[in-house]
Amino acid sequence: MNSDLVIVYHRQPFEEVVVDGETLYQENKSPNGIVPTLKSFFQTVERGSWIAWKHVDRDGDEVDDRRVTMNDRHGEYEVLRVGLTEPQVRSFYHVTSKASLWPVLHSFAPHFDAEAADWETFREVNRRFAEAACEEASDDALIWVHDYNLWLTPHYIRQIKPNAKIAFFHHTPFPSADLFSLLPWRGEIVDSLLACDIVGFHIPRYAENFVQVARSLRDVDVAERVAVEPGLTPRGAALSEPEVTTKLSYGDHTVHLDAWPIGTNPSLIRKVLDEPVAADRAAQIAAELGDQQLIVSVGRVDYTKGTTETLLAYERLLERRPELRGHIKLMVTSVAAATGMTVYEETQEEIEQLVGRIHGRFATLSWGPIMLFTTPVPFEELLSYYRAASMCWITPLRDGLNLVAKEYVAARDDDQPGVLVLSEFTGCSVELPDAVTANPYSHVSLDAAIDTALDMSTAERTHRMARLTLSVDRYDIEHWAEHILGQFQALRRPAGRGQGDPESFSRRGTPQPTLGRRSGGSPRSHAGTPRSPAPPR
Ligand code: GDG
């Protein structure tokens, strides 16, 4: 194939369903999330391809329909599936990625199990993704690899296609050098990232952590550093960085670094909430709640997400302020994303036990203090809960970004401004300093934040939510996509040309309904293109 853009992401970009014995490939039902956004980049090129994995029975088996040509609202693109057996998936994804790398990325050193990792299989799977990507890519294609479970893929791509343009995006935090050094394979990982043309992170702190790691391991120089734009660097925040490195020199190779948070889609959220299904459901939830305040706390089952800390804080709240009993309700979702992992089963069990304990202690005939959802809530329903909730508690111990916080803000209406209680250790906390921030490792801090949120005047709620909304609207998904597109365009420019050059990544030149048509920035443009004004700090 001769694709101009190859996206390498472990999940398939569609739902595969069998109807009357026939396999159908349908566009994902959920309109939000990262997959539709990534697919929208295909509108910027002549030909696009996506690489993902799919189960096969035996090693070496080809996937049935290895190649699928999709045609959905993002146009036509190819999907090439890498066949992995059950043991390969378990080893590569559940054990090495989730049990060994994930805890280190999230600063959970005690959960790290070096010996459990099967690095050989990790290498092998990463190599196969690289081979599939290179099979699809034209000679000057851009190959965009996503997330830590494909950390070694750029290295193998560079071996096969020395002149490829390679981009990498981290969805997780990137830890400090002290923590990263726990990984016995640190040199190999860093070499692979340094083989990229551009390495992306959500926030400047993660980029700076990477720089520290790269410089401690290899002879790398900082070639360019810029001030972080005011909207992404509140003073005093736990993850704040005033400056960020944007270029590293490594021998004769330049690695661009980019720190730009993924956004949510506020206009889609508001549109769905304006439609009768969600609007009626939100009204129904509000009517059923009566004078009870609803608090929402949404997340996957993961010890990093702080669901246990949220539940314990809620239990302390009901002890500390008995007058709230009967007048408040916590809605928690805890949906398993990776099944068959002991650590997540234990986390889920702990959550269910805590919910049971809180219920047992405080429920009455007419009032239940808590609702727990362990299966996915439909998108419209989830938005209706956001809309009905006067508070949202997002208390991860560590989180790359956290889109739920942004979704809650986007779902507000003027009648009920709502309050966001937000852990200082979520990436989005640098964009959202008008949340009530808390340190989830401290009971005192978490309890104080919750009390502040509960007791906040309507005027202050309104003021803070207006500023949060400005930020969520500014750093929305469209802005992220345009920013990334600008970075890609800059990579494609011949060396020495300025940012005003006509060369563009967008060869089709057709309108991009999902991304909009504004031209992107350059690698230096960390000031971004103003949308709504950034809230003053
Ligand atoms: C990683 C990083 C980073 C959740 N439960 C339901 C449901 N969700 C949706 C939310 C939101 C998404 O899932 C979760 O967003 P997070 O940002 O928390 O993402 P992670 O899954 O942890 O993924 C994270 C992200 O990548 C993006 O780079 O922000 O830090 O860990 O959109 O709404 N959606 C529905 N029902 C549910 O029950 N419909």
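## Exercises: the ligand shell and the nonpolar core

This is a predicted model.

**Exercise 1.** Find which of the residues around the ligand come nearest.

*Solution.* Start with the whole shell: 22 residues surround the ligand. Then pick out the nearest of them: Lys 305, Val 377, Asp 399, Leu 403 and Glu 407.

**Exercise 2.** Work out which polar atoms of Val 377, Asp 399 and Leu 403 face ligand atoms, and at what distance.

*Solution.* Take Val 377 to begin with. A backbone N or O atom of Val 377 sits 2.5 Å from a ligand nitrogen atom. Go on to Asp 399. Here an N or O atom of the side chain is 2.5 Å from an oxygen atom of the ligand. Finish with Leu 403. A polar backbone atom of Leu 403 lies 2.7 Å from a ligand oxygen atom. A polar contact needs N or O atoms within 3.5 Å. Now look at cover: on its own the ligand has 730 Å² of accessible area, and the protein covers 83% of that.

**Exercise 3.** Describe the shell around the ligand by element, class and domain.

*Solution.* Elements: strand S13 (293-300), helix H12 (379-388) and helix H13 (403-410) each give two or more residues. Classes: the shell has 13 nonpolar, five polar and four charged residues. Domains: domain 1 (3-259) and domain 2 (266-475) each supply at least three shell residues.

**Exercise 4.** Locate the largest nonpolar core and say what builds it.

*Solution.* The core has 142 residues. Trp 144, Trp 151, Leu 420 and Trp 480 have the most contacts inside it. Helix H3 (residues 119-136) gives the most to this core: eight residues. Domain 1 (3-259) and domain 2 (266-475) each add at least three residues to the core.

Terms used
Residues are numbered from 1 along each chain as its sequence is written. This is a predicted model: local features need pLDDT of at least 70, side-chain atom pairs count only at pLDDT 80 or more; totals for chains, interfaces and linings use all residues. Side-chain values use heavy atoms; hydrogens and water are left out. A residue is near a molecule or strand if one of its heavy atoms lies within 4 Å of it. A polar contact is a pair of N or O atoms within 3.5 Å; within protein, one must be able to donate a hydrogen and the other to accept it, and residues adjacent in sequence count only if both atoms are side-chain atoms. Accessible areas come from the Shrake-Rupley method with a 1.4 Å probe; for residues, only the protein chains shown count as cover. Helices (H or I, at least four residues) and strands (E, at least two) are DSSP runs, numbered from the N terminus. Ala, Val, Leu, Ile, Met, Phe, Trp, Tyr, Cys and Pro count as nonpolar, Asp, Glu, Lys and Arg as charged, and the others, Gly among them, as polar. Domain bounds come from an automatic or database domain assignment. A nonpolar core is a set of buried Ala, Val, Leu, Ile, Met, Phe, Trp, Tyr and Cys residues joined through side-chain atoms within 4.5 Å. Buried means under 20% relative accessible area, exposed over 50%, partly exposed in between (1.4 Å probe, protein chains only).
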